[in-house]
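Student: Got a minute to go through this one with me? Let's put it on screen first.

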Amino acid sequence: MLAVHENAGSPSVELDRTVFYPVGGGQAGDTGRIGRWRVVDTRRSGESVLHFIEPGASLSAGEKLRLELDWERRHRLMRLHTALHLLCAVVKAPVTGGRIADDKAHLDFDIEMEKLVKETIEARLNELLGRNIPTSSYWITDAELDSRPELVRTMSVAPPRGEGRVRLLEIPGVDLQACGGTHVRNTSEIGRLALARIRSEGKRNKRVTLTLAQPETE
Ligand SMILES: [Zn+2]
């Protein structure tokens with residue numbers, strides 16, 4: 001461990017390395033455990049990743065600690081995050097925003113309401129899932145990204161720059177875009193998707209919300 005920060009009753013821990021994903025790109029931060037203490041959120045602060053632990057935890061810098069990710073929750077986040085890439089491909093419209101929680105995820109589109117048909121979108125998504133498509137990621141330079149603006153799909157979420165390179169997530173034949181989030185390796189891992197809701201959130205924001213469908217109830 002590198003450091004323990006005390007901020008107004010919510011201590012946070014900085015580590016020399018971590019498997020925890022901090023809030024970013026619309027995706028919620030990871031939870032889990034550090035040693036016997038519960039991690040309630042993970043956030044980036046400048047160059048470092050802060051693991052927020054339950055109040056009352058006593059940890060000291062230099063301690064060696066075992067990290068345990070709440071993997072079931074993280075896997076749901078990865079499945080829903082990857083599902084949003086599919087949704088991006090199914091709905092042909094500019095993306096104005098998005099968010100991924102562990103029970104649902106949404107994208108906002110700049111599109112007319114009448115073009116969003118629940119049954120059609122849901123069927124198309126599940127058809128893509130049924131094709132068991134492997135996902136892959138690779139890096140390109142900032143300069144290459146600048147020359148290919150079509151790789152930035154979400155207007156409100158700028159790809160993480162500053163390292164001189166940006167990661168792309170590719171679902172071959174379906175979607176290719178800059179993304180620093182966490183994804184599953186194959187669309188089959190997502191299971192089945194349900195389109196929970198389509199709602200207008202303003203002139204340029206039509207929100208499409210997805211949830212993971214329970215296969216046993218299908
Ligand atoms: Zn992504």
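Student: Is asparagine 132 buried, partly exposed or exposed?

Tutor: Asparagine 132 is partly exposed, at 44% relative accessibility. Buried means under 20% relative accessible area, exposed means over 50%, and partly exposed is in between, with a 1.4 Å probe and protein chains only. Some ground rules: this is a predicted model, where local features need pLDDT of at least 70, side-chain atom pairs count only at pLDDT 80 or more, and totals for chains, interfaces and linings use all residues. Residues are numbered from 1 along each chain as its sequence is written, and side-chain values use heavy atoms, with hydrogens and water left out.

Student: Where is asparagine 132 found?

Tutor: Asparagine 132 sits in the loop between helix H2 (118–129) and strand S9 (136–141). Helices (H or I, at least four residues) and strands (E, at least two) are DSSP runs, numbered from the N terminus. Its phi is positive, near 45°. Most residues other than glycine have a negative phi.

Student: New topic. Which residues are the protein donors of the zinc ion?

Tutor: His81, His85 and His183 each donate through NE2, and Cys179 through SG. They lie 2.0 to 2.1 Å from the zinc ion. A donor is an N, O or S atom within 2.8 Å of the metal (3.2 Å for Na, K and Ca); water is not among the atoms, so sites may look incomplete.

Student: Why is the arrangement tetrahedral?

Tutor: Because the four donor atoms subtend angles of 101 to 124° around the zinc ion. Four donors count as tetrahedral if all angles lie between 85 and 135 degrees. The ideal is 109.5 degrees.

Student: And how are the donor residues spaced in sequence?

Tutor: The pattern is H-x3-H-x93-C-x3-H. Histidine 81 is in helix H1 (residues 71–90), and histidine 183 is in the loop between strand S11 (175–178) and strand S12 (192–200), so the pair ties together parts 102 residues apart in sequence.

Student: Are histidine 81 and histidine 183 buried or exposed?

Tutor: Histidine 81 is buried at 4%. Histidine 183 is also buried, at 12%.

Student: Switching again. How many disulfides does a search of the whole structure find?

Tutor: Zero. A disulfide here is a pair of cysteine sulfur atoms within 2.5 Å.

Student: Which cysteine sulfur is closest to that of cysteine 88?

Tutor: The one in cysteine 179, at 9.4 Å, which is too far for a bond. Cysteine 88 is buried at 4% relative accessibility, and cysteine 179 is buried at 13%.

Note on methods: Four donors count as tetrahedral if all angles lie between 85 and 135 degrees; four count as square planar and six as octahedral if opposite donors are over 155 degrees apart and all others between 65 and 115; anything else is irregular.
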